[in-house]
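Me: I'm new to this structure and would like a close look at one part of it. Could you pick a single spot, go through it slowly, and then show me what else is around in the model?

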Amino acid sequence: MAGWRSWVFFLTVCAVSVFGANAEIKLTIPVGKLFTYELMRETFQNDFEPLSKLYAGRLYDDPMVFKCNKQNYPDLPEWLRLTQRHPYDNGFLYGTPTSPGKNIIEIYAVNKRSYETARHILVIKVVAEKMLPYQAEFFIKLREVEKVLPSSVQDEIKQDIQNLWNTQAVEIVNITNALDRGGRVPLPVAGHFEGVYVKAGSIDYFSECLLMVMTPEHQKQCTGEAGLKVKTPGGCNFCSIPSNCITWCKTELFDLTEQEPAPPAPTMSSGILEAGGDFDPPESPPSRDFLPDYIVTVIVPLILAIILCLLLAYIMYGRREGVAKRNARTNQIQLYHHHTIHENTDELRNMAGNRGAPPPLSTLPMFNSRTLDRAPPLHSDSPSIPLIMAQHDPYSETLPRK
């Protein structure tokens, strides 16, 4: 009996892994309250390796990347955000809904080791609820949004705000990354953080410490760059953990009971214009002379282009000395050597086209390139004997002598 149950459980696990059964989580949240949902890597790790943990005893800790979107939509709802700092960290879905409704969120986890994909469904039902009338926003400089979203850290911040508000009826309304509010990306150095805006609300009116934010003295102290150095007043500093301390000059209060009156509704008319006399068209603008603009825009660049073309033509063609002048100024030995190289090159090219041609004269032991006369070979190993006999060369008289 126990073996039969084991096989049933084994087949069930195999069917789940093969057919890709998707988990579905349902949550209900009110309007105007902070919603946070942690994407646990352990949960998706069990979907990737369901049998290795039960039978093989191996536990993997694979890097994962989370991707979320609203069902049948390419992105998340406008009030919901996803954050994950590193593939080895858990992800967070967080935000504050503004209107009731139902949102079906598809959560995909990509295993960066095996490139497998797991899919979960998160159903968020937003119900209508009255907004908290009194809200305050605080800036925490030494925090990042991933470190504030866990429930334990939220409880610590909430406890400090309760002491500052002097009431226990305080709820976290929203958490926003400072980068989403136009903040700068911090340096990758220890002690530099992005910063987090935390908004809290309550049904009780603001305490005396919070009302100090509305005083002219506070606004005068917090103007300019010196406002970042203003510390929280001594009687209002309820910061139990240094990293949760607020920046006093960035505290803002919101009283939702003092809402501005709605603008009056537009009055409906018959849609026919009233008789107001003849139409008086506006006078035509005065005439304008466009010749200076034309000269500056067209004529001046054209003249500059012509001057540049003439200068370039003079440099390329006007300063060339020519072949005859160059040969007259060249040393005769160098010029003779140059012509000999060209003639030998042409001769080798002609031989390459006809394999049966006689060997070139330049390969003979002794010859005169001008008269094509051959000299008898000399039985001497002296290195002073030239290959070209100067006494038979008619150009030898023109060569310079030392």
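Reply: Let's start at I107, which sits in strand β6, residues 101-111. Keep in mind that this is a predicted model. Is I107 buried or exposed? I107 has a relative accessible area of 1%, and buried means under 20%, so I107 counts as buried.

Who is around that side chain? Leaving out residues up to four places away in sequence, I107 touches Y37, L39, F44, K67, C68, L93, A118, R119, H120 and L122. Take L39 from that list: it is 68 residues away from I107 along the chain, but their C-alpha atoms are separated by 8.8 Å. Contacts between distant parts of the sequence also show up in the chain totals. Among contacts with a separation of 6 or more, 69% join residues 24 or more positions apart.

Now for the strand that holds I107. β6 pairs with β7 (residues 117-127) in the antiparallel sense, over ten bridges. One of the matched pairs is I105, whose bridge partner in β7 is L122. L122 is also one of the residues that I107 touches. In general, strands of a sheet pair through backbone hydrogen bonds, either parallel or antiparallel.

Follow β6 to its end and you reach a turn: β6 and β7 make a hairpin with five residues between them. Y115 belongs to the loop between β6 and β7, and its phi is near 60 degrees, a positive value in a residue other than glycine. Why point that out? Because most residues other than glycine have a negative phi. Y115 has 59% relative accessibility, so it counts as exposed. So while I107 is buried, Y115 out in the turn is exposed.

N72 makes a good companion to Y115. Its phi is near 70 degrees, again positive in a residue that isn't glycine. N72 is in the loop between β3 (64-70) and β4 (80-83). Its relative accessible area is 72%, which means N72 is exposed.

Back to L39, one of the contacts of I107. L39 lies within β2, residues 35-39. β2 belongs to an open sheet of three strands in the order β2-β5-β4, with antiparallel pairing. β2 and β4 each have a single partner strand, so each has one side without a neighbour in the sheet. On average, neighbouring strands here are turned by 15 degrees against each other, direction ignored. β2 and β5 (residues 91-95) run antiparallel and are joined by five bridges. If you want one pair to look for, E38 stands opposite F92 in β5.

There is also an open sheet of four strands, in the order β9-β10-β8-β11, with antiparallel pairing. Its edge strands are β9 (170-177) and β11, each of which pairs on one side only. The twist from one strand to the next averages 20 degrees. Helix α5 (residues 151-165) packs on this sheet and touches β8, β9 and β10; its direction makes about 120 degrees with that of β9.

Within that sheet, have a look at β8, residues 134-140, where seven of the seven residues are buried. Side chains in a regular strand alternate between the two faces of the sheet. In β8 both faces are covered, with Y134, A136, F138 and I140 on one side and Q135, E137 and F139 on the other. β8 has antiparallel neighbours: β10 (residues 196-202), over seven bridges, and β11 (residues 252-255), over four bridges. On the β10 side, E137 has K199 as its bridge partner, and F138 stands opposite V198. On the β11 side, the partner of A136 is L253.

F139 leads us to one more place. The largest pocket is lined by 19 residues, and F139, K141, R184, F193 and E194 lie nearest its centre. The pocket has a volume of about 520 Å³, and its lining has nine nonpolar, five polar and five charged residues.

To step back, the chain has ten helices and eleven strands. Of its 402 residues, 28% count as buried, and I107, where we began, is one of the buried ones.

Note on methods
Residues are numbered from 1 along each chain as its sequence is written. This is a predicted model: local features need pLDDT of at least 70, side-chain atom pairs count only at pLDDT 80 or more; totals for chains, interfaces and linings use all residues. Side-chain values use heavy atoms; hydrogens and water are left out. Buried means under 20% relative accessible area, exposed over 50%, partly exposed in between (1.4 Å probe, protein chains only). Helices (H or I, at least four residues) and strands (E, at least two) are DSSP runs, numbered from the N terminus. Two strands pair if DSSP finds at least two bridges between them. Contact means heavy atoms within 4.5 Å. Axes are lines fitted to C-alpha atoms, for helices over the stretch in contact, and angles run from 0 to 180 degrees between N-to-C directions. On a 1 Å grid over the protein atoms alone, a cavity is a set of points where a 1.4 Å probe fits but cannot get out, and a pocket is an open set with protein on both sides within 12 Å along at least five of seven lines; lining residues have an atom within 4 Å of a point. Grid points are joined across faces, edges and corners, and a volume is the space filled by probe spheres set on the points. Ala, Val, Leu, Ile, Met, Phe, Trp, Tyr, Cys and Pro count as nonpolar, Asp, Glu, Lys and Arg as charged, and the others, Gly among them, as polar.
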